[in-house]
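User: Could you take a close look at one part of this structure for me, the salt bridges, and walk me through what they connect?

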Protein chains: 2
Amino acid sequence: MARTTGSDGEKTEAAVREAAVGLIARLGYEAMSMRQLAAEVGVQAAALYRYFPTKEDLLFTLMREHMEGLLEAWNAARPAAAEPAARLAAYVENHIAFHIARRHATHVSNMELRSLSPERLTRILKLRTAYEKELRAILRDGAEAGIFKIDDVGLTAMALIQMMTGVIVWFRPGERLSIAEVTATYLSMTMRLVGAKIDAHSAARRHAKDAVAF
Amino acid sequence: MARTTGSDGEKTEAAVREAAVGLIARLGYEAMSMRQLAAEVGVQAAALYRYFPTKEDLLFTLMREHMEGLLEAWNAARPAAAEPAARLAAYVENHIAFHIARRHATHVSNMELRSLSPERLTRILKLRTAYEKELRAILRDGAEAGIFKIDDVGLTAMALIQMMTGVIVWFRPGERLSIAEVTATYLSMTMRLVGAKIDAHSAARRHAKDAVAF
DNA sequence: GAATTAATAAAACAAACGTTCAATTAATTC
DNA sequence: GAATTAATTGAACGTTTGTTTTATTAATTC
């Protein structure tokens, strides 16, 4: 056989992307074979090479689009020129919402960096650094304004990002906590961690107060 | 050729373990070949099978010993029956010291879980859960005593562990910050995050005050 | 409806993989 | 110093890997 009835390049490519994110997140990039991926899509392995010249190209595409999406989401969500506490709250909310919504893709972007060629690794890391820089700027502004109490801006930024991204490790939609509850609790922890003076977060917590429990 | 002069089973096995931790941390378990590992040790691939019956046995051994070592380290470091704040400080200090000292092994234990068989995965996760349970107990005691201000004990425990373990991602020995400085800053962030009332941490920070900088 | 383009299958490729086996030599025991 | 045990090599096994090539069919264009 050859071309199948109803076959459509765009749809197939989208199906490949989706299946690849799921398989790589579950099995790991190295452990996923192109035949396995093809079977998941319902196609022969050779057909994949019409859309991605190599396996690594596929991985890189997934990662790049994920990181670009993260930056775009932040650029859309960032407050115009607000005070540091509100900006930090927006950053936390955007980060958690984005990462929970794209758990698998985040897994891939964080875990499979070592499978990229040096040049491509650099490109992904640049995007990541640009994103982290936004957080550092917020923390610095807040510290200089005396609103935050921070020992080391760089270190605090890394700690916050690790803490927030860690959500994807244990969070499962539809279990004990809702996304709103998780977000509210993380926002509260973040504000305490940076020693926020004004309770800019208590306002944000108001509409998710039932989250408080242990 | 066959047995080489000066060859010693114990030394070879130790060399295999060490090389494997380094290679798996750098390349990933699936990406590391047994031939590559053997070359690093200075031996033929077949020789590895004298010490580990399969590649997965090797991975499991590394992970199990790492997790057991973590629990042993905490059992040796835990205060007898102190107040929650001091216990939490001890937990944080032990966690960071252990993970920085064994960065590569931690990387392996955290990233390669999916390469284990279901039964072995369960065994490793049991060890991890036991370790996390210790932190939850401290947080619960502190919250009940009114010393900590915590919304959700389970969620806070996960957030703290993710935050602390994240150190191994960016920390490089001999760079800007010393281990003592990093530990002091993380301890301070932890105490703020859990809303510690009494400044039990300020005492611990006293002997690493120069860490404060950004 | 013929010609062209798009999308796929089927088969094959060399290379690399984890692992096994038999042979061989060093170290140890008696 | 002969016999035994410990440690390793070198070659081979069957599979699986990512990828390429060629042929074939569906959809589109003219």
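**Salt bridges around helix H1 and beyond**

Analyst: Let's start with Glu65(B), which has a relative accessibility of 32% and so counts as partly exposed, since the partly exposed class runs from 20% to 50%. Keep in mind that this is a predicted model.

What does Glu65(B) pair with? Its side chain meets that of Arg17(B) in a salt bridge, at 2.5 Å from N to O. Arg17(B) sits in helix H1 of chain B and Glu65(B) in helix H4 (residues 55-77) of chain B, so this pair ties together parts that lie 48 residues apart in sequence.

Arg17(B) has another partner too: the side chains of Arg17(B) and Glu13(B) meet in a salt bridge, again with 2.5 Å from N to O. This one stays within a helix, as both residues belong to helix H1 (residues 9-27) of chain B and are 4 residues apart, about one turn of the helix. Glu13(B) comes out at 25% relative accessibility, so it goes down as partly exposed.

Over in chain A, Glu13(A), Arg17(A) and Glu65(A) are linked in a network of salt bridges.

Now for another pair inside a helix. Arg128(B) and Glu132(B) form a salt bridge through their side chains, at 3.9 Å from N to O, and a pair counts when it falls within 4 Å. Both residues are in helix H7 (residues 118-144) of chain B, 4 residues apart, or about one turn of the helix. Is each partner buried or exposed, or in between? Arg128(B) is partly exposed because its relative accessible area is 25%, whereas Glu132(B), at 11%, is buried, the limit for that being under 20%.

Next, the bridges that cross between chains. Over all chains, the structure holds 20 salt bridges, and the count between chain A and chain B is 4. One of the pairs joining the two chains is Arg176(A) with Asp152(B), whose side chains meet at 3.0 Å, N to O. Between these chains there are also 12 residue pairs in polar contact, with both residues at pLDDT 80 or more. On the side of chain A that touches chain B, the elements giving two or more residues are helix H1 (9-27), helix H8 (153-165), helix H9 (167-170) and helix H10 (179-193) of chain A. That side of chain A divides into 23 nonpolar, 7 polar and 10 charged residues.

As for the extent of the interface, 40 residues of chain A are in contact with 40 residues of chain B. The area buried between the two chains is about 3,600 Å², and carbon and sulfur atoms give 58% of it.

Definitions and conventions
Residues are numbered from 1 along each chain as its sequence is written. Chains are lettered from A and ligands numbered from 1 in the order in which they are written. This is a predicted model: local features need pLDDT of at least 70, side-chain atom pairs count only at pLDDT 80 or more; totals for chains, interfaces and linings use all residues. Side-chain values use heavy atoms; hydrogens and water are left out. Contact means heavy atoms within 4.5 Å. Buried area is the accessible area (1.4 Å probe) that two parts lose on being put together, summed over both. A polar contact is a pair of N or O atoms within 3.5 Å; within protein, one must be able to donate a hydrogen and the other to accept it, and residues adjacent in sequence count only if both atoms are side-chain atoms. Ala, Val, Leu, Ile, Met, Phe, Trp, Tyr, Cys and Pro count as nonpolar, Asp, Glu, Lys and Arg as charged, and the others, Gly among them, as polar. Buried means under 20% relative accessible area, exposed over 50%, partly exposed in between (1.4 Å probe, protein chains only).
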